[in-house]
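Thanks for coming, everyone. Please have a look at the model on the screen, and then I will walk you through a few parts of it.

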Amino acid sequence: MTAPAPTLDATAQLNASLLARFPESVSTETRPGYSGIIVKKENLVEVAAAIRDEFGYDLLTAVTAVDYLAENKMEVVYHAYKTTGGAGLTFRVQAERVDPIEVPSLVEIWAGADFQEREAYDLFGIRFTSHPDLRRILMWEGFDGHPLRKDWKEAFFEEETKPFKSRWPDGQHVYAEFKNPFRDNLNFPKDFDPNAYQPTGEDDLYLSLENHSLKTESGIKTDQIVVNMGPHHPSTHGVLRVAVTLDGETILGLKPVMGYLHRNHDKIGERSTYLQIMPYTDRLDYFNSMSNNLGYAITVEKLMKIPVAERAEYIRVIMAELTRIQNHLIFVGTLTNDLGAMYTPSLYAFEERELILDIFEAVSGARMMCNYLRFGGVVRDIPDDVLGKIKDLIYERLPAKTAEMERLLNDNEVLIGRLKGVHVLNAETAVRYSVTGPVLRAAGVPYDLRRADPYSVYDRFDFDVAVRHNGDMLDNYLIRFDEIWQSLKILEQALKQMPEGPVNSQKLQYQVRVPAGEAYGRIESPKGELGFYIVSNGKPTPYRYHVRPASFVNITALEEMCRGSKIQDFIALLGMLDIVMGELDR
Amino acid sequence: MLGKGILKSLQVTWKRYWDTYADDLTWWLSGKKRYHSVEGVAHRSSKNAKGIFTVQYPEERLILPEEARYLPFLIYNELEDGKREILCTSCGICAKVCPPQCIWIVRSNDPQTGRPIPEPTAFYVDMDLCMNCGLCAEYCPFDAIKMDHDFELASFTRNVYDLEKLLKPSAYYQGIRPQNFAREEADRKAKEEAKAAKAAKTAEASAPAAPA
């Protein structure tokens, strides 16, 4: 008897078919710990179009770059997925690390690559040729250099990686600014005089707005005006600035300006040890620190190839779903705030959130900056009295209060009038713009990572993927309630199924060993897909640490959604996209 | 009918308004204090809370759970002769694990033997940098650094706490975290007993070998 021919697994099969399709321009990844394919720079657009149209990877979720200084290469990594679910495809292009580094832009194929490519340009200095609007996005225009390049040093540079040697065993406290030779926290480009600086970026911004010619309808000359919303505006949910071109009250075009809260989370991560990054992830989307922890922990566990303690998996699910409930409650509160229903709904929402935060505080020690997950499990078990509190909330309080919230708002004529039929985003556009999360599902694409690409123990629960079909603001609003009900359903099952046992599969160690390789881990955070891309070279700190926040990518579709609608609805739209600046600006 | 939804909304808000006073009334009739009492605060932050739930800080305070964490502090045991036994051995794990690197420790060597002294000569925590993550307390192998419950930290100056300011007696720790303290004490006792048993065993084993 002959043994059956060895069948290739799905990824290898896919790679093989891509190789067969493009024998000239595609090669397989050979570095250990890496996966996917390498595409030749010259053929990138052609291959990407085939990946989208022929292979069906219609959702480009993450675009990021890695600086391989030792190999003198700059690499751009793309992660594409199918909206029908399943594993993704990683493809990458490599370029010589000699300025100007040029890589073709994929905005034509996936519009969602727009801001992410701008980010890679800003932080790595990679020029995406034929990108329609390649400007700095997070840093300011006069900034010196590209901070994520490995040969860039910041003004307060002390050491390449933490822990710093000056802290122990001879750690005399000195303020960082006293050690800095300039006693100044800025590096300037050569021949740069800050006093004589004339910002040019503003001109670029206004020029990037579409120029609409003057209209002379019925003999009356009209003119477009540019209005800057924010950065300090109560509706922008933080320091987001949006330059809007208006024709009367109608929006003709807009550009978000961000980076006011930028702290280079990626760079902080690359200088910290794997464990030290955990509390920093809390500060990304500060409403959902448990979800952020989960996304990061899952990615590192993928790299480390370690199991997670069974009980801890359930605790993680419970915390993640409680997070989702409180996020959506806040969403309802702030959205109605933006619509003018000041305080009553938002304070009702905050009351329930308060009770959930009490649970977070009791298990993790902090209400918002939880820092609760560890690689292989969680910090500590849920105390018995807190478990009782969670049960009380899930079985009694939250269902009653969610129903009350629905009674309070869902039939309200003013609310419906403001939301119905406004800012319609159809499924096709949403996918093209890489929109994820509730906004995508409200547009009629039932794409939920808990079902489409299950992580943790989500495959063990019976729940429905909330989906609505109109893609307008009202559906976006109602889908949040659907998700709360589904989360409650998951929570009930998780509490029932939760086994006894240890809460961490690993020994308590402050320095974890992560083998070399790369991993892209993603979870369905309350705002959309939260992805972490980590490249390890076996050292205590990651070589490359990248966060793909949901808010940042979802906002790419902002202009598309607003064009032609009224300025007052734009404020509601910002509330509806559910952006958090901590995550957007990183 | 237009306006029906709004009337429905108003019903909900009216119920909340009513609930607040109804709750006040029932508590008053039963002779309990809904405000300015521990049980009142506990009630208002429980699943049974109805109506207005505000806790009137600073007159009233929320009840902190045991695991609540703010700033780190160091623990010492009070010895009988009035001296302090600092649990910290200046091993430096907290300084190495600290994400914002806000811990500075000076370890010194014994001038005679040249070996490190298991007690910090100086210990600084820059509280302005501290991100309250609690990793130092979690990874300290000697249970010497713990997270405090004191959250009223506004000040006019920058805060770099030195050893004197960081040290707090173990009784204080027992006060804020009774369960953790009991668990750690039990662990320590078990370890000591195991050590003693092991020592007794080796003594026993070596006894016959020794010349009588």
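**Two helices and a sheet**

Helix α8(A) passes α9(A) in a left-handed crossing, meaning that the near helix is turned anticlockwise from the far one by less than a right angle; helices here are DSSP runs of H or I with at least four residues, and strands are runs of E with at least two, numbered from the N terminus. This is a predicted model, in which local features need pLDDT of at least 70 and side-chain atom pairs count only at pLDDT 80 or more, while totals for chains, interfaces and linings use all residues. Residues are numbered from 1 along each chain as its sequence is written, and chains are lettered from A and ligands numbered from 1 in the order in which they are written.

The contact between these helices (C-beta atoms, placed from the backbone, within 7 Å) is made by A:Met290, A:Ser291 and A:Leu294 of α8(A), together with A:Arg316, A:Met319, A:Ala320 and A:Thr323 of α9(A).

Turning to the sheet, we find an open one of three strands in chain A, with the order β15-β16-β17 and antiparallel pairing, where two strands pair if DSSP finds at least two bridges between them. Strands β15 (517–525) and β17 (544–548) of chain A stand at the edges with a single partner strand each, so one side of each is left without a neighbour in the sheet. Between β15(A) and β16(A), residues 528–536, there are nine bridges, and A:Gly517 stands opposite A:Ser536 in β16(A).

Finally, which chains meet, and with how many residues? The contact takes 40 residues from chain B and 41 from chain A, and α1(B) gives the most to the side of chain B that touches chain A, with seven residues.

Notes
Two residues are in contact if their C-beta atoms, placed from the backbone, lie within 7 Å.
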